[in-house]
Amino acid sequence: MLLIGSVLALLAAGAVYQFVGARRGARQYAAPGEWIDVSGQHLHLVCAGNGRPTVVFESGIAASSLSWARVLRDVSAFTRACAYDRAGLGWSDPARTPRTVTRMVTELRGVLANAATGGPAVLVGHSFGAFLVCAYASEYRADIAGLVLLDPPSEWHRITRQQAHLLWGGIQLSRIGALLARLGVVRGCLALLTGGAPGVPRNFVRIFGPTAARTLERLVGEVRKLPPDVHPVVQALWCQPKCFRAMADHLGALEEMTAAVSRVTSLADVPLVIISSGDHTPDTIAQHRQLARLSFQGRHMVATKSGHWIQFDEPDLVVAAIREIVESARQSSAA
């Protein structure tokens, strides 16, 4: 009984620690943008700059608008630039409906209705987000002034047994993460990780196997490439259970998303730039080139100095590609 009582007291203390920390984080790191309502789903949208066409950023599978912090700032110097948080991620409310391709496309259309009121927009998508904007462009061509796709997950077009196992594992770990976040474990681990005692959280994550440990190391390394003032904000957001639940939901939608994009046979004359990271296999590079051929104006390039997060590793390259599409759209509009 004493052991059970001690465990219950520890869980209660963790829950209180999480509640107090979440309240403090909400006050300290308030949403920088505005709230929009898309069919009952409250989403967070942040915009900067002026000019047309508007550039709208779509994040990776579990990323938020913060993943575009550096690039959005630079793009806003020459046109209006906006990023948003998909349901459950960043500052957006938890998803009210299942994460299907149809629902995510509908929500993106609602974002464009609020962000790009001056005509067609340039959509920039990273990873999962690249496939989402591609699916959107195939359905709503008139809304699109151009596309920039960063490292689309083309290697997931035909999911192998090994990939299916990894995907299942990622979903389960995300659900466990949501529980641990609710009990304050994630908050405590991140506090130790950033406070100079990285060994404890890393050893804790190893309980879930070497894949989880490697994933943590990689994600921490990628986040550190963001502007330093963004680091504590990312940490505060990822202490929330909703982000882990949203990650599980989006991982669960990956197979449907890749299937939807595989059915896209043409993007007609949409100005399109696809940028691959430099660490891909020749097969994936070939798939990216094939994707670029969906448009008569499609172009493929390789970011030789980048890993998967190209906007972190070579932000100037990404900004230059966006500027190219924006200038092309302005010339077409003037003509």
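This is a short walk through one protein chain, from its overall make-up to a few helices and single residues.

Keep in mind that you are looking at a predicted model. The protein chain holds 14 helices and eight strands. It has 335 residues, and 50% of them count as buried. How much of the contact in the chain joins residues 24 or more positions apart? Among contacts with a separation of 6 or more, such pairs account for 77%.

Let us begin with helix H5, which runs over residues 161-182. A little arithmetic works nicely here: at 1.5 Å a residue, the 22 residues of H5 should span 32 Å, and the end C-alpha atoms are indeed 32 Å apart, so the expected and modelled spans agree. Some of the helix is hidden from the outside: the buried residues of H5 are Gln163, Leu167, Ile171, Ser174, Gly177, Ala178, Leu180 and Ala181. Just after the helix you can find glycine 184, whose phi is positive, at about 85 degrees.

H5 has a packing partner, helix H10, made of residues 241-252. The two axes lie 7 Å apart, at an angle of about 165 degrees. Because angles over 145 degrees count as roughly antiparallel, H5 is roughly antiparallel to H10. The crossing of this pair is left-handed. Which residues meet here? H5 brings Leu167, Gly170, Ile171, Ser174, Arg175, Gly177, Ala178, Ala181 and Arg182, while H10 brings Pro241, Phe244, Arg245, Met247, Ala248, Leu251 and Gly252. Sorted by class, the contact of H5 with H10 has nine nonpolar, four polar and three charged residues.

Now turn to a second pair, helix H4 (residues 128-139) and helix H11 (residues 254-262). Their axes come within 9 Å and cross at roughly 45 degrees. That angle falls outside the ranges for roughly parallel, roughly antiparallel and roughly perpendicular, and H4 and H11 are therefore oblique to each other. The crossing of H4 and H11 is left-handed. On the H4 side, the contact is made by Phe128, Phe131, Leu132 and Cys134; on the H11 side, by Leu254, Met257, Thr258 and Val261. By class, the contact of H4 with H11 includes seven nonpolar residues and one polar residue, with no charged residues.

Next, some single residues. Histidine 126 sits in strand S5, residues 121-126. Is histidine 126 buried or exposed? Its relative accessible area is 0%, so histidine 126 is buried. Setting aside neighbours within four places in sequence, histidine 126 is in contact with Glu58, Ser59, Gly60, Trp68, Leu150, His308, Trp309 and Gln311.

Serine 92 belongs to the loop between strand S4 (81-85) and helix H3 (101-115). With 0% relative accessibility, serine 92 counts as buried. Not counting residues up to four places away in sequence, serine 92 touches Trp35, His42, Leu43, His44, Asp85, Arg86, Ala87 and Lys242. From C-alpha to C-alpha, serine 92 is 9.4 Å from isoleucine 36, although 56 residues separate them in sequence.

Our last stop is arginine 73, in helix H2 (residues 69-75). Its relative accessibility is 49%, so arginine 73 counts as partly exposed; a residue must be over 50% to count as exposed. Arginine 73 and valine 319 are 246 residues apart in sequence, yet their C-alpha atoms are 9.8 Å apart in space.

Methods
Residues are numbered from 1 along each chain as its sequence is written. This is a predicted model: local features need pLDDT of at least 70, side-chain atom pairs count only at pLDDT 80 or more; totals for chains, interfaces and linings use all residues. Side-chain values use heavy atoms; hydrogens and water are left out. Helices (H or I, at least four residues) and strands (E, at least two) are DSSP runs, numbered from the N terminus. The expected span of a helix is 1.5 Å times one less than its number of residues. Buried means under 20% relative accessible area, exposed over 50%, partly exposed in between (1.4 Å probe, protein chains only). Axes are lines fitted to C-alpha atoms, for helices over the stretch in contact, and angles run from 0 to 180 degrees between N-to-C directions. Angles under 35 degrees count as roughly parallel, over 145 as roughly antiparallel, 65 to 115 as roughly perpendicular and the rest as oblique. A crossing is left-handed if the near helix is turned anticlockwise from the far one by less than a right angle, and right-handed if clockwise. Contact means heavy atoms within 4.5 Å. Ala, Val, Leu, Ile, Met, Phe, Trp, Tyr, Cys and Pro count as nonpolar, Asp, Glu, Lys and Arg as charged, and the others, Gly among them, as polar.
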